[in-house]
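Notebook open, coffee poured. I wanted to know what sits around the ligand, and then how the strands behind it are arranged.

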Amino acid sequence: MVFETQITAHKEVAQGTHEVTLARPTAFSFKAGQYTQVAVPKLTNPDPKGRSRQFSVTSSPYDMDEIKVVFRNSGSGFKETLINTSIGASVQVEQAAGSFLLPQILTRPQMFVAGGVGIAPFMSYLHQKIEDTWEYPITLLYGNQNPESAAYLEELKQMSKQHRQFSLDTIYKRPTPGLFAKLAEKYIDAVWWVVGPPGMVAVTVNGLQLGGVATDKIMTESFDGY
Ligand SMILES: Cc1cc2nc3c(=O)[nH]c(=O)nc-3n(C[C@H](O)[C@H](O)[C@H](O)COP(=O)(O)OP(=O)(O)OC[C@H]3O[C@@H](n4cnc5c(N)ncnc54)[C@H](O)[C@@H]3O)c2cc1C
């Protein structure tokens, strides 16, 4: 199902990183971790890949007013068009989809690994969950080139102060499988959730498997196109 909606805000949330807020159509439903396809009515800049892209939703499923998405500005015709589309203008969103569903009830420690804008589905989850109490720790490993390009970094730091069961670790160098193999040994009981560009996801999974994590304890979402 496709919904017509409007842009309500644009925001630069880190270096070269753009957030778009859309009015949430009443019938648009989603769970934390899912994505939607955003389409502009007409490209102002040519784009061989067309006038839409898939983006994970960053806002909370409890927020009935807004849907937010975030992306790096690569200079593609679609993203240039979306960034330059005025507030109040119409765009389309598809009904949310995806099986990367973050757990509502925690039965063991959770490790979230985000590469760059791979933070998107975790933001949706944390926005929803941060007011609750939960039994097991959630640790977010957040990798970026530098702090300036880390979207929502201050907000995440605040969340980690607010919730004793949520902690944030930042990584500003290219991760190796060895790093994740060591972490796998440290967080032996954890379930791993890995999101980001395909190369980063592959390195992380490789390291976790070297560290002895079973395949059914690793969930991934690859942001193809990066
Ligand atoms: C389930 C799922 C969820 C996703 N969620 C997100 C999300 O939350 N946020 C997000 O950002 N992405 C997400 N993606 C990826 C997203 O759909 C796009 O594929 C991605 O953002 C790249 O789009 P693009 O328009 O920048 O590049 P594309 O046009 O798809 O091009 C691919 C490559 O070419 C380069 N390129 C393209 N045009 C130009 C140009 N004119 N000049 C220079 N270089 C160019 C780009 O740098 C890019 O590396 C998701 C993908 C999937 C499958």
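**Entry 1: the ligand shell.** I began by sorting the residues around the ligand by type: eight are nonpolar, seven are polar and six are charged. The shell holds 21 residues, and the closest are Gln-54, Ser-74, Ser-76, Asp-224 and Tyr-226. A reminder to myself before going on: this is a predicted model.

**Entry 2: which parts contribute.** I asked which element gives the largest share of the shell. The answer is S4, with four residues. I also looked at the domains, and the shell takes at least three residues from each of domain 1 (2-94) and domain 2 (110-222).

**Entry 3: polar contacts of the ligand.** I went through a few atom pairs here. Ser-76 places a polar side-chain atom 2.5 Å from an oxygen atom of the ligand. Val-70 uses its backbone instead, with a polar atom 2.8 Å from a nitrogen atom of the ligand. At Gly-225, a polar backbone atom is 3.3 Å from a ligand oxygen atom. Next I checked the cover: on its own the ligand has 930 Å² of accessible area, and the protein covers 73% of it. I then listed the elements that give two or more residues to the shell, and they are S4, S5 and strand S11 (218-222).

**Entry 4: the antiparallel sheet.** In what order do the strands of the antiparallel sheet run? I read six strands in an open sheet, ordered S4-S3-S6-S1-S2-S5, with antiparallel pairing. At the edges are strand S4 (52-56) and strand S5 (66-72), each of which pairs on one side only. From one strand to the next, the twist averages 40°. It was nice to find both edge strands, S4 and S5, back among the elements that give two or more residues to the ligand shell.

**Entry 5: walking across that sheet.** I started from the S4 side. S3 and S4 pair in the antiparallel sense over five bridges, and Ala-39 stands opposite Ser-52 in S4. Ala-39 also has a bridge partner in S6, namely Gln-92. Strand S3 (residues 35-39) and strand S6 (residues 90-94) run antiparallel and are joined by two bridges. Val-38 faces Val-93 of S6 across this pairing.

One step further on, strand S1 (residues 2-14) is joined to S6 by five bridges, again antiparallel. Val-2 has Glu-94 as its bridge partner in S6. S1 then pairs with strand S2 (residues 17-23) through six antiparallel bridges, and there Glu-12 is partnered with His-18 of S2.

**Entry 6: the S1-S2 turn.** I wondered how many residues lie between the strands in the hairpin of S1 and S2. There are two, and Gly-16 takes a positive phi near 65° in this hairpin.

**Entry 7: the parallel sheet.** Then I turned to the other strand order. Five strands make an open sheet in the order S9-S8-S7-S10-S11, and here the pairing is parallel. Strand S9 (166-171) and S11 are its edge strands, each pairing on one side only. Ignoring direction, neighbouring strands are turned by 15° against each other on average. Strand S10 (residues 191-196) is linked to S11 by five parallel bridges, and Gly-196 has Ser-222 as its bridge partner in S11.

**Entry 8: putting it together.** For my own summary, the edge strand S11 of the parallel sheet is also one of the elements giving two or more residues to the shell. The edge strands S4 and S5 belong to the antiparallel sheet, and S4 supplies the largest share of the shell. That is a good place to close the page for today.

Key. Residues numbered from 1 in each chain as written. Predicted model: local features only at pLDDT ≥ 70, side-chain atom pairs only at ≥ 80, totals over all residues. Heavy atoms only, no water. Pairing = 2+ DSSP bridges. Axes fitted to C-alpha atoms, helices over the stretch in contact; angles between N-to-C directions. Near = heavy atom within 4 Å. Polar contact = N/O pair within 3.5 Å; in protein donor to acceptor, adjacent residues only side chain to side chain. Areas by Shrake-Rupley, 256 points an atom, 1.4 Å probe, with all protein chains shown as cover. Nonpolar A, V, L, I, M, F, W, Y, C, P; charged D, E, K, R; others polar. Domains from an automatic or database assignment.
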